[in-house]
Amino acid sequence: MSDYCDLAPGHPLHGPYHDQEYGFPVAGDDALFERLALEINQAGLSWLTVLKKREAFRRAFEGFAIERVAAYGEAERARLLADAGIIRNRRKVDAVIHNAAVILELRETHGSFHAWLDHHHPLPHAEWVRRFKRTFRFTGPEIVGEFLMSTGYLPGAHRDDCPVQARILAAGPPWALR
């Protein structure tokens with residue numbers, strides 16, 4: 001992702017994401033769920049589009065509170081599909097709602113989404129993709145790869161000479177602890 005290390009610094013939206021979030025370990029389930037939902041919504045679009053709509057996504061999906069989103073029915077689905085502040089794609093909206101319910105199931109079997117990820121780590125990218133496709137909706141190779149890189153489960157978010165990389169390594173991402 002070396003291009004991002006060149007593009008992001010100084011950019012009003014890419015810069016803070018690159019410098020403070022991208023590649024750093026994420027432990028909270030709601031934060032992990034948000035990142036997965038954003039990656040799903042990025043499919044076919046630019047990451048900048050998603051970052052511009054991020055606050056609207058947070059409002060629309062009630063802070064990505066997993067229990068709330070998992071309970072969404074037709075009224076909430078219709079509200080989301082009418083919300084011009086987010087990406088109004090029925091398959092993506094349905095996937096986010098479905099995946100919230102899946103995370104609740106993972107909590108039953110593993111204690112948390114984070115624990116489920118830790119339980120399966122480390123896996124090669126291709127195996128992660130197979131596991132995500134069996135578990136979640138709307139999770140192809142690009143979405144899974146970016147989700148795992150952005151949350152510290154796969155390396156590659158930053159170049160070794162990027163100043164952020166040293167801070168990420170100091171934070172102990174799962175990929176560096178093997």
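## Helix packing around α3 and α7

Helices α3 and α7 cross in a right-handed way, meaning that the near helix is turned clockwise from the far one by less than a right angle, where anticlockwise would be left-handed. Keep in mind that this is a predicted model, in which local features need pLDDT of at least 70 and side-chain atom pairs count only at pLDDT 80 or more, while totals for chains, interfaces and linings use all residues. Residues are numbered from 1 along each chain as its sequence is written, and side-chain values use heavy atoms, with hydrogens and water left out. Helices here are DSSP runs of H or I with at least four residues, numbered from the N terminus.

**The α3, α6, α7 and α10 packing**

Two packed helices are described by the angle between their axes and the distance between the axes. The axes are lines fitted to C-alpha atoms over the stretch in contact, and the angles run from 0 to 180 degrees between N-to-C directions. Here are three pairs.

| Helix pair | Axis angle | Axis distance | Handedness |
|---|---|---|---|
| α3 (residues 29-42) and α7 (residues 90-110) | roughly 150° | within 10 Å | right-handed |
| α6 and α7 | roughly 135° | within 10 Å | right-handed |
| α3 and α10 | about 145° | 9 Å | right-handed |

How do α3 and α7 run relative to each other? They are roughly antiparallel, a label for angles over 145 degrees, with under 35 being roughly parallel, 65 to 115 roughly perpendicular and the rest oblique. For α6 and α7, the axes cross at roughly 135°. That makes the pair oblique.

As for who touches whom, contact means heavy atoms within 4.5 Å. On the α3 side of the α3 and α7 pair you'll find Asp29, Asp30, Phe33, Leu36, Ala37, Ile40, Asn41 and Gln42, and they meet Lys92, Ala95, Val96, Asn99, Ala100, Ile103 and Arg107 in α7. Helix α6 brings Arg77, Leu80 and Leu81 up against Arg90, Val93, Asp94 and Ile97 of α7. In the α3 and α10 pair, Leu32, Arg35, Leu36, Glu39 and Ile40 of α3 meet Ile143, Glu146, Phe147 and Ser150 of α10.

**What gets buried**

Buried means under 20% relative accessible area, exposed means over 50%, and partly exposed is in between (1.4 Å probe, protein chains only). In α7 the buried set is Lys92, Val93, Ala95, Val96, Ile97, Asn99, Ala100, Val102, Ile103 and Leu106. The cover over those residues includes α3, α5 (66-70), α6 (74-81), α8 (113-120) and α9 (125-135). The length of α7 checks out too: at 1.5 Å a residue, its 21 residues should span 30 Å, and the end C-alpha atoms are 29 Å apart, which agrees. The expected span is 1.5 Å times one less than the number of residues.

Helix α10 (residues 141-150) is mostly covered, with 8 of its 10 residues buried. Its buried residues pack against α2 (14-20), α3, α8 and α9. Following α10 comes glycine 152, with a positive phi near 90°.

Alanine 37 is a handy spot to look at in α3. Is alanine 37 buried or exposed? Alanine 37 is buried, at a relative accessible area of 3%. Setting aside neighbours within four places in sequence, its contacts are Phe64 and Val96. Its C-alpha atom is 13 Å from that of glutamate 142, which sits 105 residues away along the chain.

**α4 and the loop after it**

Helix α4 has 14 residues (47-60) that should span 20 Å at 1.5 Å a residue, and its end C-alpha atoms are 18 Å apart, which agrees. It bends by about 55° at arginine 54, the bend being the angle between axes fitted to the seven residues ending there and the seven starting there. Arg54 is also among the buried residues of α4, along with Trp47, Val50, Leu51, Ala56, Phe57 and Ala60.

Now for some backbone oddities. Most residues other than glycine have a negative phi, and most peptide bonds are trans. Glutamate 62, in the loop between α4 and α5, has a positive phi of about 50° without being a glycine. It counts as partly exposed, at 33% relative accessibility. Phenylalanine 64 lies in the loop between α4 and α5 and has a positive phi near 60°. Phenylalanine 64 is buried, with a relative accessible area of 1%.

Where is the cis peptide bond? The bond runs from histidine 121 to proline 122, with omega near -5°, and proline 122 lies in the loop between α8 and α9.

Note on methods: Helices (H or I, at least four residues) and strands (E, at least two) are DSSP runs, numbered from the N terminus.
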